[in-house]
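Q: Could you take me through one part of this model in detail and then show me what surrounds it? I would like the cut-offs along the way, please.

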Protein chains: 2
Amino acid sequence: MNEATHFLKTIENEIEKWIPGQSIDCVVLGFEENTLKVLLLKWKQVNRWSLPGGFIYKDENMDSAAVRILEERMGLKSIFLSQFHTFGDFGRRDKEELKEISGQLDNSISRLGKWLTQRFITTGYIAFADIRKANPKPDFLSEKCEWVDIHQLPVLIFDHQHIISYALNFIRIRLNYVPFGKSLLQQKFTMSELQKLYESILGKNLDRANFQKKMLKLGIFNREEKLLLGTANKAPYLYSFHNENYEMLIKKGIGYL
Amino acid sequence: MNEATHFLKTIENEIEKWIPGQSIDCVVLGFEENTLKVLLLKWKQVNRWSLPGGFIYKDENMDSAAVRILEERMGLKSIFLSQFHTFGDFGRRDKEELKEISGQLDNSISRLGKWLTQRFITTGYIAFADIRKANPKPDFLSEKCEWVDIHQLPVLIFDHQHIISYALNFIRIRLNYVPFGKSLLQQKFTMSELQKLYESILGKNLDRANFQKKMLKLGIFNREEKLLLGTANKAPYLYSFHNENYEMLIKKGIGYL
DNA sequence: ACAAAAGTGTTATCCTTACACCCATGT
DNA sequence: ACATGGGTGTAAGGATAACACTTTTGT
């Protein structure tokens, strides 16, 4: 029994332990080279990409399933993980695309094929990950994983494009209430890196001077030594999160939340 | 065949058309006597209350199911209807409570009993309704419907208390982005009624003068003639929503959304 | 000397907050 | 006359936005 067949046998055994018709899709965000990126899987033989997802065990909390799926896929826990919307349109999974995908599976795995072609209601979770620490693994059905610039997405399967826009909108609103960045940036970072992160999320440019003042006023940053870089300009300060103050701010919230 | 039996037969036929394990619960809010109220159902013979809910047909969009359930239960469409969270904890429906409920059902309807006792993941929708126009009907399993002060809730079944707090929190945040009130107030209303509505949602008192200025600055109200009331004070203006401006503001959003 | 990016400062404007003041009305 | 609730005004403080000025650094 080769590896693929063994994997399939395992999957087929799992099917009965999963809740039918209910899935989880994760929008995993990372920040690298001043770009906001999302983790995508490329399907085997089908020229389409999709979000990493999974299913819920019959005796498992939905939130725990999201954590588990992320661990399985990424090899690490995400600091920020939050459900943002449930997508329940009857026709959300295009029939043509379903045929293409299940066509890849031969008869020996027809149970998996049937499982995959049933109607699914999916719940979207958004997660932040440190790209350097993450270790994404493609699964049996996917050929590779990649971090893709969220503003230059390839053709996505089903309604996954739609799910990503929902996720982006979700964190845009939360940005007024929660100081993101802790789980997306390296331990030490410059103010302009933080600004670039905010700009990629909001999709617009911000004033450098005002951004700095607004952030520092939050009182959740430590100013570290200056970064010595070989560029022809003044060296920026490095910052890190002041954990205690950060937790306090999260608790009481920036706005009303 | 009496009415109850007939109803049950119908329900049992419906069961096969529904998606198993997936339900919808609606937090329907209304505003009456300067109090924010939520629509609750009282279970027959069990001294507990619950949110009105329902199931999704196998060929039906989830959002459409929410609309349908509200129409069936309330006899009218709600202007504002929005999904806010999906509750998927394995143990969210207490087993003791489930026994109490399914114990009410005799063998003749055991299929319904089985249906009800399976694990459910439920998606919460929040709706606003004009209490005077609404016409809520109890269903077979419930003895009565009532509008209950949201800040003085009775004992609720399962995690419904938790679902309501989530809903309240959801609209508290949205209050910064969406001018509510249109679907909760009468066509003409006073500024102090609107303020009471905001206060019930936010759970805190607001300054009368500042509230008025903030609201009027939005430019979405018509000032109508004064209301002549028999009280020992100055007559307040009546306001109505300026539909055109209201729609425009909704579109562009108050804050960032 | 110069460009480039960083840190800081200035100003006008707007919004929020906390009140104060006067007005209309029935008792 | 007075209490009650309604409409409007004002002044202080904070937040925002636009932009200017200075500093550091490598070429």
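How many bridges join strand 2 of chain A to strand 7 of chain A, and in which sense do the two strands run?

A: Happily! A word on conventions comes before the strands. This is a predicted model, in which local features need pLDDT of at least 70 and side-chain atom pairs count only at pLDDT 80 or more, while totals for chains, interfaces and linings use all residues. Residues are numbered from 1 along each chain as its sequence is written, and chains are lettered from A and ligands numbered from 1 in the order in which they are written.

Now to your question. Strand 2 of chain A is joined to strand 7 (residues 142-149) of chain A by seven bridges, and the two run antiparallel. Strands here are DSSP runs of E with at least two residues, helices are runs of H or I with at least four, and both are numbered from the N terminus. Two strands pair if DSSP finds at least two bridges between them. At one position of this pairing, A:Lys42 stands opposite A:Lys144 in strand 7.

Strand 2 has further partners. Strand 1 (residues 18-32) of chain A pairs with strand 2 (residues 35-43) in the antiparallel sense over four bridges, and A:Phe31 stands opposite A:Leu36 in strand 2. These two strands form a hairpin with two residues between them, and A:Glu33 in the turn has a positive phi of about 50°. Strand 3 (residues 49-50) of chain A also pairs antiparallel with strand 2, over two bridges; there, A:Leu41 has A:Ser50 as its bridge partner. That hairpin has five residues between its strands, and A:Gln45 takes a positive phi near 60°.

The other chain offers a similar place to look. B:Glu33 is in the loop between strand 1 and strand 2 (35-43) of chain B; this residue is not a glycine, yet its phi is positive, about 50°. B:Asn34 lies in the loop between strand 1 and strand 2 of chain B as well, with a positive phi near 55° in a residue other than glycine. B:Glu33 is exposed, with 9 other C-beta atoms within 10 Å, and B:Asn34 is exposed with 12. For these labels, C-beta atoms are placed from the backbone: a residue is exposed if 12 or fewer other C-beta atoms lie within 10 Å of its own, buried if 20 or more do, and partly exposed in between.

Strand 1 also leads inward. The largest nonpolar core has 98 residues, and those touching the most other members are A:Cys26, A:Val27, A:Val28, B:Cys26, B:Val27 and B:Val28. Such a core is a set of buried Ala, Val, Leu, Ile, Met, Phe, Trp, Tyr and Cys residues joined through C-beta atoms within 7 Å. Leaving aside neighbours within four places in sequence, the contacts of A:Cys26 include A:Leu51, A:Ala66, A:Leu70 and A:Tyr125. Two residues are in contact if their C-beta atoms, placed from the backbone, lie within 7 Å.

Zooming out, chain A has eight helices and nine strands. Of its 257 residues, 29% count as buried, and its C-alpha trace spans about 65 × 40 × 30 Å along the principal axes.

What about the two chains together? Their contact takes 24 residues from chain B and 24 residues from chain A. On the side of chain B that touches chain A, the elements giving two or more residues include strand 1 (18-32), helix 2 (62-74) and helix 5 (160-174) of chain B. A rotation of 180° with 0.0 Å of shift along its axis superposes chain B on chain A, with an RMSD of 0.0 Å. The two copies are thus related as by a two-fold rotation axis; the fit is by least squares on the C-alpha atoms of residues with pLDDT of at least 70 in both. Since 100% of the interface residues of chain B are also interface residues in chain A, the copies meet through the same surface.

Finally, the DNA. DNA strand C has 20 residues around it, with A:Ala209, A:Asn233, A:Tyr237, B:Ala209 and B:Ala232 coming nearest; a residue is near a strand if its C-beta atom, placed from the backbone, lies within 6 Å of it. Helix 7 of chain B gives the largest share of that surface, three residues. For DNA strand D, the largest share, three residues, comes from helix 7 of chain A.
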